[in-house]
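Colleague: I have a model open and want to learn how to read its packing. Can you take me through it?

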Amino acid sequence: MVNIPATMQVIAVENAGKDSTLRIEQRAVPQPSAEQLLVKVAAAGINRADLMQRRGLYPPPEGESDILGLEVAGVVVAAGPLHKSWLGKAVFGLVPGGGYAEYALLHAGHAMAVPAGYSMAEAAATAEVFLTAYQLLCSIGNLQSNQRVLIHAGASGVGTAAIQLAKAIGAKVAVTASSADKLAVCAALGAELAINYKTNAFEQELASHWPQGVDLVLDPVAGDYISREIPLLAMDGKIVLYAMMGGHDIPQLNLAPLFKRRGQLICSTLRNRSNRYKTNLTKAFSQAFASMLAQRQIQPVLQQQFDWRQAQIAHQLMASNATIGKLVLTF
């Protein structure tokens, strides 16, 4: 039997908004329901959504923990009656909140076994980016071998995961990023075309290299990018928006070129999806790519680990947009 304490340390948000800060406080250790696992957290992934939640722009789904953190890795110390087989095992997976804590609840259907040879930090850097990338490319984008995909923010966590998955599918990959270092990482992961969006108009580069058009665009920017992407689409092409870093207003959007291409403009989120959806997504990803993950044919790009008490410093680094791949807190 594992001795589980009554209380735990967590990282809480104080003064949510643009001047928010993080503090350590004591909370009760949560109790797993019939469908949940209680994980003693060894590492928690940091995501841009955590910064948005601090600002009050991305609240947790109703009834879920208000503690930051959307993915964890650790050891299962308690489980619902039908999931005792997970006890004592190292797992990683998505959580709807609560990751920045010594213990977190993980839905049993969202748990994946940590691959042999992976550190807990690597495992904690995997679920959010690879499941998001898989959802965008496969579940929504239906990307096929030899199709062409444009991945914005190519050096981000989701971007680096998406490049690897797209290459594994057999697609041709173009990316945008903001520096030579970021572009070099994207190229090393397999991107055929890497565009510095600060010095080049990505739409001109794409049009000259791929005159036949792009089948899929993964866009976390939105804003004026959308009107620049539509003319790049091949027939029946898709633009999938999964964030709005460039703003939620689209200036002077002309829909005629989208109609001409039978194009689709799709908005997607993951955090507020149902447990069943996430279970099916986790299962589909695992069936398609778990062996490649285990063999490190695909793997997370982990830039830096921070002791969990340094979460404020880690958030400042993420906010600087100077990161490549993932940042992780270790407990």
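Modeller: We will go through helix pairs, one helix face, two strand residues and some backbone angles. Keep in mind that this is a predicted model.

Colleague: How are two packed helices described?

Modeller: Two numbers do the job: the angle between the axes and the distance between them. Take helix α3 (residues 127-140) and helix α4 (residues 157-169). Their axes are 8 Å apart, at an angle of about 50°.

Colleague: Which word fits the orientation of α3 and α4?

Modeller: Oblique. Angles of 65 to 115 degrees would count as roughly perpendicular, and those under 35 as roughly parallel. The crossing of α3 past α4 is right-handed.

Colleague: Which residues of α3 and α4 meet?

Modeller: From α3, they include Val-129, Phe-130, Leu-136 and Leu-137. From α4, they include Val-158, Ala-161, Leu-165 and Ile-169. Sorted by class, the α3 contact with α4 has 13 nonpolar residues, three polar ones and no charged ones.

Colleague: What about α4 and helix α9 (residues 275-294)?

Modeller: Here the axes come within 12 Å and cross at roughly 95°. That angle makes α4 roughly perpendicular to α9. Leu-165, Ala-168 and Ile-169 of α4 make the contact with Phe-285, Phe-289 and Met-292 of α9. By class, that is six nonpolar, no polar and no charged residues. Leu-165 and Ile-169 are also among the α4 residues that meet α3.

Colleague: Now a single helix. Which residues of α5 (residues 180-189) are buried?

Modeller: Lys-182, Leu-183 and Cys-186. They span an arc of only 95° around the axis, so they lie on the same side of α5. The face turned away from that buried side carries exposed residues: Ala-180, Asp-181 and Ala-188.

Colleague: What covers the buried residues of α5?

Modeller: The cover includes α4, β9 (172-177) and β10 (193-196).

Colleague: Let's turn to strands. Is Ala-73 buried or exposed?

Modeller: Ala-73 has 0% relative accessibility, so it counts as buried. The residue lies in strand β4 (residues 71-79). Leaving out residues up to four places away in sequence, Ala-73 touches Val-39, Val-41, Val-91, Phe-92 and Met-120, among others.

Colleague: And Val-10, buried or exposed?

Modeller: Buried, because its relative accessibility is 0%. Val-10 sits in strand β1 (residues 7-14). With residues up to four places away in sequence set aside, its contacts include Arg-23, Ile-24, Glu-25, Ile-67 and Tyr-100.

Colleague: Last topic: phi. What sign should I expect?

Modeller: Most residues other than glycine have a negative phi. Asn-142 has a positive one, near 50°. Asn-321 does too, near 60°.

Colleague: Where are Asn-142 and Asn-321?

Modeller: Asn-142 is in the loop between α3 and β8 (148-151). Asn-321 is in the loop between α10 (311-319) and β15 (326-330). With a relative accessible area of 46%, Asn-142 is partly exposed. Asn-321 is partly exposed as well, at 40%.

Colleague: What phi does Gly-190 take?

Modeller: A positive one of about 125°, just after α5.

Colleague: How far is Ala-73 from Asn-321?

Modeller: They are 248 residues apart in sequence, and their C-alpha atoms are 25 Å apart in space. For Val-10 and Ala-90, the chain separation is 80 residues and the C-alpha distance is 21 Å.

How values were computed: Residues numbered from 1 in each chain as written. Predicted model: local features only at pLDDT ≥ 70, side-chain atom pairs only at ≥ 80, totals over all residues. Heavy atoms only, no water. Axes fitted to C-alpha atoms, helices over the stretch in contact; angles between N-to-C directions. Helix = DSSP H or I, 4+ residues; strand = E, 2+ residues; numbered from the N terminus. Parallel < 35°, antiparallel > 145°, perpendicular 65-115°, else oblique. Left-handed = near helix turned anticlockwise from the far one by under 90°. Contact = heavy atoms within 4.5 Å. Nonpolar A, V, L, I, M, F, W, Y, C, P; charged D, E, K, R; others polar. Buried < 20%, exposed > 50% of the residue type's maximum accessible area, 1.4 Å probe, protein only. Arc of directions from axis to C-beta.
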